[in-house]
Amino acid sequence: MTFSPELIAQSIITGIMIGGVFALISVGLSLIWGVMRIINFAHGEFLMVAMYIAYFLVARGGWDPYATLLVTTPALFLLGALIFRGTIRPILGHPSMNQIMLTVGLSLILQNLALVFFKADVLTTRTEYTRMILSIGPVIIRVPQLIAFIGSALTAFLLYWYLQRTDTGRAIRAAAQNKQAATLMGVDVQRIYLLAFGIGSATLGVAASLMISFYYTSPTVGLFFGLIAYVVVVLGGLGNFLGTLVAGLIIGLTESVGAAILPGSLSRVLTFALFILVLLFRPQGLFGGKRA
Amino acid sequence: MKLRWNVVAPLALLVVLAGLPLFATEYMLHIGVLVLLAAYLATGWNILGGYAGQHSLGHSLFLGIGAYTSTYLFAQIGLTPWIGMWVGALFAAIVGWFVGYLCFRYGLRGPYFALVTIALAEAMVYLVTNLNALGGAEGLDVRWVGHNPALMQFEGKTAYYYIILIMTALLLFGVQRYSRRRFGYQMIAVRENEDAAEALGVDTLAVRIRALVISAVVTALGGVFFAQYYTYINPRNVFGEGPSVQMLLFAIVGGLGTVWGPAIGAILLVPIAEFARSSLGNTFSGAHLLLYGVVLVLVMLFMPNGIVGLVQTLERRRRGGRA
Amino acid sequence: MSELLQVRNLTKHFGGLAAVQDVSFDVNKGEIVGLIGPNGAGKTTTFSLLTGFLTPTRGTITFAGRRIDNLKPHVICRLGMTRTFQIVQPFPEMTALENVMMGALVHHRNIDEAQRRGRNTLARVGLAHKADTPGRELTLVEQKRLEIGKALATEPQLLLLDEVAAGLREAEVDVILDLVRQLNTEGITLLIVEHLMKVIMNLSQRIVVLDFGQKIAEGSPAEVSANPLVLEAYLGKEED
């Protein structure tokens, strides 16, 4: 194995690109935690659903991969809102264990329904973007990854702007900080929760459309991305928006650089090792978080 | 009366179960082993999840440690699993202590603890997949040496059935006994109100860690049985999310923090799941997991205290109605 | 009289704010000492510092001749100092008897012994008839009694009561007052935080007054109630 500077540079670039997507995938999970102190353990499966939607639009409908945003984003908002309304809202006041187990149940249902409908096949798309590359010296940037990175950054920025600058965004943040105070200020907390869950899920719709050009789809794809999201949110500090973004990049870099210098899928072990180290020394996350 | 019922019913059940191999088919015995193993593992999970109130989503971590330790030791140095199981239990205890200390020291619990445990178990999947010494993704075989009780290998299923029956009976007996002792009360106190427990002299950190270590040891011993029974293990099927979810599912469906709940959950669900798997498995491989998911969601929505909890509530209502 | 508890320059900062600032006082063996002050004066924070739920930023706490300011609450409880909580903290799924048994289990590992002592303690706080009722089903008054019962069952030398009379009716307050006096005659030293002046003035042999986290007065009930600083602190806070 040779650690050429080119290889390292290449893996850093790839890591940043992928890290952006990781950040986008995690930000919704963090938002939902911040607002209602719930970890959606079906988060990865929501992404999987979005990826199937995007896949079929591209592979069967002949859509441009990025045009699928127009469907995946509202579809995931709807999925999140419906699932919140139907299953999570009724048990909001219950012990956190009940909410955890409920979402674990949802993840099993979604994963295995996907198995029923789509079999265990790994589906990939070949779009016009798939093979496009930019070369900067010895370093190659895959265009779909670059688009995904830019798209993720843009979405995260939009979400941040929305939370900081709009009335509804402020209401969401108020509900996150103090539910009672928010209620007193006339914020309809139930509506905010629904909205937050919807938005948190909708970000996965965006992510799916951005990823479909270069990432495969399968019933268990959510397992992997769900875990990445858990690691990222803990690393960034649960409920910490900016921390989550930075942590996404860190994990992207760890995975990518790790893959370049370690054999097999040991880079994944590196990611988890990082996770454990953070727990050991900074359990509140690298950038502080909101505890239950 | 109450006390006698508590003793007689389990003993009667034990006698019936012990007599089962006399007239059961191999397939029935196989189902029996699956039910008992599930009951055993769920009961082990329940020590930490039900009594001490710390919900691990990655208990397969300990299942895998047990299974891999005994299998590896047998393959490499021919150590009998009867001894290997205790080595596995020791490893599980050490890992359990470490995980518990890491998490509970800073008060990581609830969703946080769930996240950490799931991540640790998943990390092991990837780690073991990349370790050629442990067979990588292919996993390890327990080499068949013929019927040899000293090496925990048996012709037919009867002996396995009795082993897991004894393990489960001992575990249930232990839980029944210790849940009514000092440590049992301390676990419940920690679960119910940590500050109050601490104020009353309970070392809440130590109690949590101890519950985790005991639960880890029990689970690891179950993992050894798992390996011997199936004679094959791989990273996904022992460290993966499947075993973790099943352990907690049966405990939750039956009733968290109750002696019999996890066993009842396993008795009810495993046969149905096996039926689903064997009848639909060809066309639809996730049938039993889909069923588990639906059950988990419904139980959380409509009877979060599980079957035993529901019975207790009805009982109380009935008594209350009469008074 | 010998000091059971010595508090010296106790200070606790939250962020930049001093919740408790340089507070010193003693509690002697056999005394009932009252800790009073307007809302937000730092009484409950002081309790949490004394019992190890918070770590002091500065200062020392000595209990029975031993420094305890870095010990955990359960250790402090075992040494003989137990607190109650202002907001009652029952174990909701445990019966009243089991709740109290949790206290008894500190010094008695045997369940039967703990149960026997638990029953006695329940009787003392007037809950014998509720032994099998789950904690969450008790009324607030009963939960207040249970709160005392749990702490009492740990057989403390020093018992810290945080507003045990708050929210109770007149007759119930009297019952609690009698109980506290009774405990004192049995040799238990008490440090009590209380909002009701009647309770504090009635019970305490000595009173420590806090305001904005600082000690502003100390003395007998008569001295304290005549102290202009104390009057000002309370009158200035008339809104609560």
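# Exercises on a predicted three-chain model

In chain C, 47% of the 240 residues are buried. The model is predicted. Work through the tasks in order.

## Exercise 1. Size up chain C

Task: State how many helices and strands chain C has, and why it counts as compact.

Solution.
- Step 1. Count the elements. Chain C holds nine helices and 10 strands.
- Step 2. Take the radius of gyration. For chain C it is 18 Å.
- Step 3. Set that beside the globule rule. The rule gives 18 Å for 240 residues, so chain C is as compact as a globular protein of that length.
- Step 4. Add the outline. Along the principal axes, the C-alpha atoms of chain C fill a box of roughly 50 × 40 × 35 Å.
- Step 5. Look at sequence separation. Take the contacts in chain C between residues at least 6 apart in sequence; 65% of these join residues at least 24 apart.

## Exercise 2. Split chain C into domains

Task: Find which residues form each domain of chain C, and which elements of domain 1 face domain 2.

Solution.
- Step 1. Set the bounds. Domain 1 covers 1-80 + 159-240, and domain 2 covers 86-155.
- Step 2. Place the centres. The C-alpha centres of the two domains of chain C are 24 Å apart.
- Step 3. Count the contact. Domain 1 of chain C gives 12 residues and domain 2 of chain C gives 10 residues.
- Step 4. Name the elements on the domain 1 side. Helix 2 (73-79), strand 7 (158-162) and helix 6 of chain C each give two or more residues there.
- Step 5. Pick the main contributor. Strand 7 of chain C has the largest share, three residues.
- Step 6. Sort this side by class. It has six nonpolar, two polar and four charged residues.

## Exercise 3. Check a helix

Task: Compare the reach of helix 6 of chain C with the span expected at 1.5 Å a residue.

Solution.
- Step 1. Locate the helix. Helix 6 of chain C runs over residues 170-185 and has 16 residues.
- Step 2. Compare the lengths. From first C-alpha to last, helix 6 of chain C reaches 23 Å, close to the expected 22 Å.
- Step 3. See what follows. After helix 6 of chain C comes G187(C), with a positive phi near 105°.

## Exercise 4. Describe chain A

Task: Give the order of helices and strands in chain A, and say how much of the chain is buried.

Solution.
- Step 1. Read along the sequence. The pattern of chain A is α-α-α-α-β-β-α-α-α-α-α-α-α.
- Step 2. Count. Chain A contains 11 helices and two strands.
- Step 3. Test compactness. The radius of gyration of chain A is 19 Å, close to the 19 Å from the globule rule for 292 residues, so chain A is as compact as a globular protein of that length.
- Step 4. Add the box. The C-alpha atoms of chain A take up roughly 60 × 45 × 35 Å along the principal axes.
- Step 5. Check burial. Of the 292 residues in chain A, 54% are buried.

## Exercise 5. Map the chain contacts

Task: Decide which chains touch, and compare the two sides of chain B by class.

Solution.
- Step 1. List the pairs. Two pairs of chains are in contact, and chains A and B share the most contacts.
- Step 2. Rule one pair out. Chains A and C do not touch; their nearest C-alpha atoms are 13 Å apart.
- Step 3. Take chains B and A. Here 34 residues of chain B contact 35 residues of chain A.
- Step 4. Find the main element. Helix 5 of chain B supplies the largest share of its side, 11 residues.
- Step 5. Sort that side. It has 26 nonpolar, seven polar and one charged residues.
- Step 6. Take chains B and C. Here 17 residues of chain B contact 22 residues of chain C.
- Step 7. Name the elements. Helix 7 (182-192) and helix 8 (194-199) of chain B each give two or more residues to the side that touches chain C.
- Step 8. Sort this side too. It has eight nonpolar, two polar and seven charged residues.

## Exercise 6. Find the core

Task: Identify the residues that touch the most other members of the largest nonpolar core, and the helix that gives the most to it.

Solution.
- Step 1. Name the residues. The core has 272 residues, and M51(A), A196(A) and A119(B) touch the most other members.
- Step 2. Name the helix. Helix 9 (residues 204-230) of chain B gives the most, with 16 residues.
- Step 3. Relate the core to chain C. Domain 1 and domain 2 of chain C both give residues to this core, so it lies between them.
- Step 4. Follow A119(B). Beyond its neighbours within four places in sequence, A119(B) contacts L227(A), Y230(A), V231(A), F272(A) and F275(A).

Terms used
Residues numbered from 1 in each chain as written. Chains lettered and ligands numbered in written order. Predicted model: local features only at pLDDT ≥ 70, side-chain atom pairs only at ≥ 80, totals over all residues. Helix = DSSP H or I, 4+ residues; strand = E, 2+ residues; numbered from the N terminus. Expected span 1.5 Å × (residues − 1). Rg over C-alpha atoms; globule rule 2.2 N^0.38 Å. Buried ≥ 20, exposed ≤ 12 C-beta atoms within 10 Å, placed from the backbone. Core = buried A, V, L, I, M, F, W, Y, C linked by C-beta atoms within 7 Å. Domains from an automatic or database assignment. Contact = placed C-beta atoms within 7 Å. Nonpolar A, V, L, I, M, F, W, Y, C, P; charged D, E, K, R; others polar.
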